[in-house]
Amino acid sequence: MMIREVRSEDVARVMELLQQLWPGKPIDDRRMREVVEKYVADQGYEIYGYEEKGTLVGIITASYRWALFYEGQVAIIEDLVVNESHRGKGIGSRLVQSFEDRVCSNKLVRAIELSSDSGRQEAHAFWERHGYSKLAFQFRKRL
Ligand SMILES: CC(C)(COP(=O)(O)OP(=O)(O)OC[C@H]1O[C@@H](n2cnc3c(N)ncnc32)[C@H](O)[C@@H]1OP(=O)(O)O)[C@@H](O)C(=O)NCCC(=O)NCCS
């Protein structure tokens with residue numbers, strides 16, 4: 001097994017995993033490919049994957065931004081998903097741990113934030129076990 005940066009050629013597998021994160025959500029192939037490419041190429045965005053026997057079985061995506069509140073940068077975990085048949089084996093925890101290790105080596109970053117749909121009770125317990133505490137309500141206006 002290994003945790004590695006996701007590359008352009010992984011995009012199809014990344015979309016399969018994202019579909020598991022958002023069951024039933026239509027994913028536009030072309031638009032999603034474009035955004036995955038941005039995550040791969042742009043500074044301030046990243047996707048790492050957990051590879052087992054040559055297949056990606058989990059991914060974590062993140063972005064970094066300046067935040068006045070933190071007087072520095074905040075790292076945001078955007079998406080975390082582990083392939084359904086691989087859950088409960090520590091893969092999600094390892095993806096989070098390796099992300100935190102990367103963040104800790106970046107002295108500009110003062111905090112990690114993430115948002116999680118209110119219905120994902122198991123995921124909330126997962127985050128709390130990893131030292132994250134509930135912070136705020138999230139509001140959205142779709143465009
Ligand atoms: C949440 C998730 C990434 C955790 O990855 P994982 O590899 O299963 O996590 P680990 O094996 O390191 O830890 C397992 C823990 O996660 C929790 N968990 C959350 N959802 C789970 C699921 N669908 N299946 C198994 N465990 C799950 C369990 O409480 C479990 O706790 P336990 O060890 O006390 O039994 C993964 O379960 C997943 O992809 N879930 C669906 C997508 C999702 O909710 N993503 C997070 C959005 S904020």
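Student: In which strand does Glu 5 lie, and is Glu 5 buried, exposed or partly exposed?

Tutor: Helices (H or I, at least four residues) and strands (E, at least two) are DSSP runs numbered from the N terminus, and Glu 5 belongs to strand E1, residues 2-5. This is a predicted model, in which local features need pLDDT of at least 70 and side-chain atom pairs count only at pLDDT 80 or more, while totals for chains, interfaces and linings use all residues. Residues are numbered from 1 along each chain as its sequence is written, and side-chain values use heavy atoms, with hydrogens and water left out. As for exposure, buried means under 20% relative accessible area, exposed means over 50%, and partly exposed lies in between (1.4 Å probe, protein chains only); Glu 5 has 47% and is therefore partly exposed.

Student: How should I set separation along the chain against separation in space, and what is the C-alpha distance from Glu 5 to Phe 137?

Tutor: Read the two values side by side for each pair. Glu 5 and Phe 137 are 132 residues apart along the chain, and their C-alpha atoms are separated by 31 Å. Arg 7, in the loop between E1 and helix H1 (11-21), is partly exposed at 39% relative accessibility, and its C-alpha atom is 16 Å from that of Glu 52, with their positions 45 residues apart in sequence. Val 82, which lies in strand E4, is buried at 10% relative accessible area; for Val 82 and Trp 22 the separation is 60 residues along the chain and 12 Å between the C-alpha atoms.

Student: Which residue in the loop between strand E2 and strand E3 should I look at for its backbone, and what is the phi of Lys 53?

Tutor: Most residues other than glycine have a negative phi. Lys 53, found in the loop between strand E2 (45-52) and strand E3 (55-67), has a positive phi near 50°, and at 82% relative accessibility Lys 53 counts as exposed. Glu 71, in the loop between E3 and E4, likewise has a positive phi, about 50°, without being a glycine; its relative accessibility of 66% makes Glu 71 exposed.

Student: How are ring pairs recognised, and how many aromatic pairs are there?

Tutor: Rings of Phe, Tyr and Trp (its six-membered ring) pair if their centres lie within 6.5 Å, and planes under 30 degrees apart count as stacked, over 60 as edge-to-face and the rest as tilted. The count by this rule is four aromatic pairs. In one of them, Phe 69 and Tyr 70, the ring centres are 5.1 Å apart and the planes stand at 80°, so the pair is edge-to-face. Phe 126 and Trp 127 also form an edge-to-face pair, with 5.2 Å from centre to centre and 85° between the planes. Phe 126, Trp 127 and Tyr 132 make up one aromatic cluster. Phe 126 is buried at 17% relative accessibility, and Trp 127 is buried at 9%, whereas Phe 69 is exposed at 70%.

Student: Which charged end sits over the ring of Tyr 48?

Tutor: A charge sits over a ring if NZ of Lys or CZ of Arg is within 6 Å of the ring centre and within 35 degrees of the ring normal. Arg 102 places its charged end over the ring of Tyr 48, 3.4 Å from the centre, and the charged end of Lys 25 is over the ring of Trp 22 at 5.2 Å.

Student: Which residues come nearest to the ligand, and which of the elements gives the most to the shell around the ligand?

Tutor: A residue is near a molecule if one of its heavy atoms lies within 4 Å of it. There are 18 residues around the ligand, of which Gly 88, Gly 90, Gly 92, Ser 93 and Arg 129 come nearest. Strand E4 (72-82), helix H3 (91-104) and helix H4 (121-129) each supply at least two residues of this shell, and H4 gives the most, with five.

Student: Where are N or O atoms of the protein found beside an oxygen atom of the ligand, for example from Gly 90?

Tutor: For a ligand, a polar contact is a pair of N or O atoms within 3.5 Å. A backbone N or O atom of Gly 90 is 2.6 Å from a ligand oxygen, a polar side-chain atom of Arg 87 is 3.2 Å from a ligand oxygen, and a side-chain N or O atom of Arg 129 is 2.7 Å from a ligand oxygen. Taken alone, the ligand exposes 840 Å², of which the protein buries 73%.

Key:
Polar contact = N/O pair within 3.5 Å; in protein donor to acceptor, adjacent residues only side chain to side chain. Areas by Shrake-Rupley, 256 points an atom, 1.4 Å probe, with all protein chains shown as cover.
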